[in-house]
Structure formats: structure tokens, C-alpha cells
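Visitor: I would like to go through this structure term by term. For each label, I will ask what earns it.

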Amino acid sequence: MAYAIEIDHLAFAWQGGQLTLDIPHWQVETGESVLLRGPSGSGKSTLLSLLAGVNLAQQGNVSLLDQSLSNLSGRKRDRFRADHIGYIFQQFNLLPYLSALDNVLLATQFSPKRRQRVAESGQSAEQLAIQYLQRLGLSASQQQQAAANLSVGQQQRVAAARALLGAPELLIADEPTSALDSDRRDDFIKLLLELSEQNNTTVLFVTHDASLGQYFNRHVELSDINRAAGGSPHA
Ligand SMILES: Nc1ncnc2c1ncn2[C@@H]1O[C@H](COP(=O)(O)OP(=O)(O)OP(=O)(O)O)[C@@H](O)[C@H]1O
């Protein structure tokens with residue numbers, strides 16, 4: 001069985017503090033869409049920072065697509081991330097002065113692999129980026145606007161289009177729907193999953209909202225896999 005995410009004996013504490021994460025074992029299979037839920041402060045963003053290679057675990061191993069992150073140098077980790085993983089962070093990390101469209105195109109500018117996958121689709125990166133933005137509900141004129149001038153909900157959609165462009169094997173989303181009302185949020189998630197499925201992208205979606213579980217193959221409570229949260233792990 002191939003795993004998109006595999007965690008073994010992971011332990012992480014912020015400096016000088018108690019353990020935030022103590023995860024004996026956890027896996028996400030290739031092709032799954034998984035909702036990971038936990039209340040505010042339970043360590044979701046901390047776990048994602050380890051999956052993004054922004055922070056490194058003090059103990060244990062995190063592998064993405066069968067590649068152990070701790071075996072890669074910082075530079076190689078950046079390359080691996082750009083080539084294989086799409087992220088939607090809580091703060092979106094858009095460049096404020098670039099247009100929405102140019103922000104989406106950044107995904108391919110930093111990754112030859114993603115450019116290659118776009119080329120294989122028979123369309124240009126720009127054509128695909130425009131298609132994604134359109135499907136996510138941004139008009140042609142909004143696509144040309146600087147990211148800073150878009151609403152928070154629109155910025156979320158730009159971040160989603162950027163994460164998906166170039167068909168990364170894995171999409172990791174950190175509560176990307178908090179700025180949307182519930183109808184729009186449900187539409188956004190359905191579309192995100194539909195686009196991911198078209199690209200054969202595995203999805204890990206992190207939220208505090210359990211009502212979203214219905215859209216995913218699997219719903220996991222962080223407290224069920226994380227011993228540091230006080231509960232005993234079932235998985
Ligand atoms: N940069 C940091 N430095 C020190 N402690 C941190 C840092 N980031 C998070 N923490 C601590 O780690 C714990 C888990 O926080 P984290 O942000 O991972 O939770 P979360 O589940 O993502 O919460 P939310 O849903 O509110 O985003 C909290 O006690 C928090 O104070």
C-alpha cells in the first residue's frame with residue numbers, strides 16, 4: 001500500500017513547553033480525502049507545519065509520498081514541497097501586489113515538475129489557472145486584480161487554485177473555509193474535492209468543524225491519534 005502521509009513515533013514540543021504532539025502512528029492512503037478535526041489549540045496547525053517541513057519533529061518520522069522529510073536538506077525539502085504538495089494555509093501566503101492570476105501561476109514558476117504536468121494536460125499554465133479561478137467563482141476582472149484588493153473569501157479561492165495548479169500528488173489545507181458562509185463553504189469544499197479527484201490528488205483538510213466530515217472519505221479526530229491531547233489513541 002502506498003501512503004501519501006505516514007507518521008511514526010512523532011513527538012513535538014514548542015520551545016520549553018510540554019508536548020503538543022505525540023502521535024505513535026498515522027497514515028493517509030494515496031487517493032484518500034481525509035478531514036482531520038480538532039478544537040482550537042489542539043495542535044492542528046502544529047502538525048501541518050511538520051507536514052510542510054516548516055518545523056522538524058524532535059522525535060520520530062514524517063514521510064510524504066514515501067519520502068522521509070528528515071532525510072532531506074532544507075533546500076531539497078523546499079524543492080520536494082514545490083513539486084509534490086499543494087498547501088492552502090490559514091493566511092494564504094499570497095503576494096499582495098501580484099494579480100490573482102499571477103499568484104496562481106507562481107505554483108508552476110517554482111516547480112519544473114508542475115510545469116511538466118501542466119504541459120502533459122495539453123493546456124498552458126495560464127489557461128488552466130484561468131479555468132480553476134473561473135470554476136472557483138472569480139470573474140475575469142477579479143482575476144486581474146491585485147490579491148490585496150480581493151475579499152478574504154476570494155483570496156481563499158486564489159490560494160486553492162494555486163495549490164491545485166500542476167496537479168500535486170498531495171493537497172494539504174488548513175481551515176481554508178473559515179471566511180465563508182456555510183453555503184459557499186460547502187460549495188467550495190465540493191469543488192476542491194472534485195478538482196483534486198480529477199488530478200488524482202490526495203487531500204488532507206484540517207478544520208475544527210465536524211459538520212464537513214460528510215464530504216470526505218474519512219473523518220479523523222486529532223485526539224484519537226494524538227496522545228499529547230490527553231486521550232488515549234485509537235489509531
Ligand atoms: N509558534 C508557536 N510557538 C509556541 N507555541 C505555539 C506556536 N504555535 C502554536 N503554539 C502552541 O501549540 C498549541 C497548538 O496550537 P495550534 O496552532 O497547532 O492549534 P490549532 O489546533 O491549529 O488551533 P486553531 O484551530 O486555533 O488554529 C497551542 O497551545 C499553541 O499555543
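Guide: Start with burial. In this predicted model, 42% of the 235 residues of the protein count as buried.

Visitor: Why is Val-62 called buried?

Guide: The cut-off is 20 or more other C-beta atoms within 10 Å. Val-62 has 23 such neighbours, so it counts as buried. It sits in strand 4. Its contacts, leaving aside neighbours within four places in sequence, are Ile-7, Leu-10, Leu-50, Leu-51, Ala-57 and Leu-69.

Visitor: Ala-57 is in that list. Why does Ala-57 count as buried or exposed?

Guide: Buried, because Ala-57 has 20 C-beta neighbours inside 10 Å and the cut-off is 20 or more. Ala-57 lies in the loop between helix 1 and strand 4 (59-64). Not counting residues up to four places away in sequence, Ala-57 touches Leu-10, Ala-11, Phe-12, Leu-50 and Val-62.

Visitor: How far is Ala-57 from Asn-217?

Guide: Their C-alpha atoms are separated by 28 Å, and their positions lie 160 residues apart along the chain. For Val-62 and Asp-209, the sequence separation is 147 residues and the C-alpha distance is 25 Å.

Visitor: What makes His-9 exposed?

Guide: Exposed needs 12 or fewer neighbours. His-9 has 12 C-beta neighbours inside 10 Å, so it counts as exposed. His-9 belongs to strand 1 (residues 3-13). Its phi is positive, about 50°, although it is not a glycine.

Visitor: Which value does phi take at Ala-167?

Guide: Phi of Ala-167 is near 45°, again positive in a residue other than glycine. Ala-167 is in the loop between helix 7 (152-164) and strand 7 (170-174). Ala-167 has 21 other C-beta atoms within 10 Å, so it is buried.

Visitor: Now the strands. What makes strand 1 and strand 2 a pair?

Guide: A pair requires at least two bridges. Strand 1 and strand 2 have nine, in the antiparallel sense. One example is Phe-12, whose bridge partner in strand 2 is Leu-21. The two strands form a hairpin with five residues between them. In the turn, Gly-16 has a positive phi of about 75°.

Visitor: How do you know that strand 4 and strand 5 pair?

Guide: By the same count: at least two bridges are needed. Strand 4 and strand 5 pair over two bridges, antiparallel. Leu-64 has Gln-67 of strand 5 as its bridge partner.

Visitor: In what order do the four strands of the open sheet run?

Guide: The order is 2-1-4-5, with antiparallel pairing. The edge strands are strand 2 (19-29) and strand 5 (67-68), since each pairs on one side only. Overall, the protein has nine helices and nine strands.

Visitor: Why does the protein agree with a compact globule?

Guide: A compact globule of 235 residues would have a radius of gyration near 18 Å; the protein has 17 Å, so the two agree. The C-alpha atoms fill a box of roughly 50 × 40 × 35 Å along the principal axes. Among contacts with a separation of 6 or more, 73% join residues 24 or more positions apart.

Visitor: Which residues surround the ligand?

Guide: They are Trp-14, Thr-20, Gly-38, Ser-40, Gly-41, Ser-42, Gly-43, Lys-44, Ser-45, Thr-46 and His-208. Helix 1 (residues 44-51) gives the largest share of this shell, three residues.

Visitor: How many of the shell residues are nonpolar, polar and charged?

Guide: One is nonpolar, nine are polar and one is charged. Glycine counts as polar here.

Visitor: What confidence does the prediction carry, and where is it lowest and highest?

Guide: The mean pLDDT of the protein is 90, and 94% of the residues score at least 70. Confidence is lowest in helix 8 (residues 182-198), with a mean of 87, and highest in helix 6 (residues 140-144), at 97. The model scores ipTM 0.97 and pTM 0.90.

Visitor: Why does pLDDT matter for reading the coordinates?

Guide: Where pLDDT is low, the predicted coordinates should not be read in detail.

Technical notes:
Residues are numbered from 1 along each chain as its sequence is written. This is a predicted model: local features need pLDDT of at least 70, side-chain atom pairs count only at pLDDT 80 or more; totals for chains, interfaces and linings use all residues. A residue is near a molecule or strand if its C-beta atom, placed from the backbone, lies within 6 Å of it. The radius of gyration is taken over C-alpha atoms; the globule rule is 2.2 Å times the number of residues to the power 0.38. Two residues are in contact if their C-beta atoms, placed from the backbone, lie within 7 Å. pLDDT is the predictor's confidence in each residue, from 0 to 100.
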